[in-house]
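Here are a few friendly notes to read alongside the model. Cysteines come first, then the core and a helix pair.

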Amino acid sequence: MPRNEIFLASEIWLSAGGADHFYDPAYMREQCEISLYDLQTDVIDLYYFHHCDFGPNDEYFDDALANMRRFREEGKIRFIGLSDWDSRKIMKFIDRVDPDACSRSASHQ
């Protein structure tokens, strides 16, 4: 099937890996690049924030959002998604993210 007939969605990983937190800018970039490589594509159609845990007092939010917007400007992603297990958290960030798509994940245990 030709790539233009496939809509690819992915998300920032649930693990912080070796970073101090999930939304560390360098780690986000690494994750995006790995996803592009693994999906064998130059662009991810929809790239989600996997969850709305942006650290104590949401201190990592601004940098995380700037990074996602930068990925879009660079042509690495087309659309930004917002996801969480708790719809109240999605609603807390929806106006500031202005996502192209939202998804409430199944309960995480």
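1. The sulfur of Cys-102 lies 8.4 Å from the closest cysteine sulfur, that of Cys-52, which is too far for a bond. A disulfide here is a pair of cysteine sulfur atoms within 2.5 Å, and by this rule the count is zero. Cys-52 is buried, at 4% relative accessible area, while Cys-102 is partly exposed at 41%. (Buried is under 20% relative accessible area, exposed over 50% and partly exposed in between, with a 1.4 Å probe and protein chains only.)

2. Please keep in mind that this is a predicted model: local features need pLDDT of at least 70, side-chain atom pairs count only at pLDDT 80 or more, and totals for chains, interfaces and linings use all residues. Residues are numbered from 1 along each chain as its sequence is written, and side-chain values use heavy atoms, without hydrogens and water.

3. The largest nonpolar core (buried Ala, Val, Leu, Ile, Met, Phe, Trp, Tyr and Cys joined through side-chain atoms within 4.5 Å) has 21 residues, and Met-28, Tyr-47, Phe-49, Phe-54, Met-68 and Val-97 touch the most other members. H2 gives the largest share, five residues. (Helices are DSSP runs of H or I with at least four residues, strands E runs with at least two, numbered from the N terminus.)

4. Beyond four places in sequence, Phe-49 has contacts (heavy atoms within 4.5 Å) that include Met-28, Phe-54, Met-68 and Val-97.

5. Have a look at the H1 and H2 pair too: the contact involves Pro-25, Met-28, Arg-29 and Cys-32 of H1, and residues of H2 including Ala-64 and Met-68.
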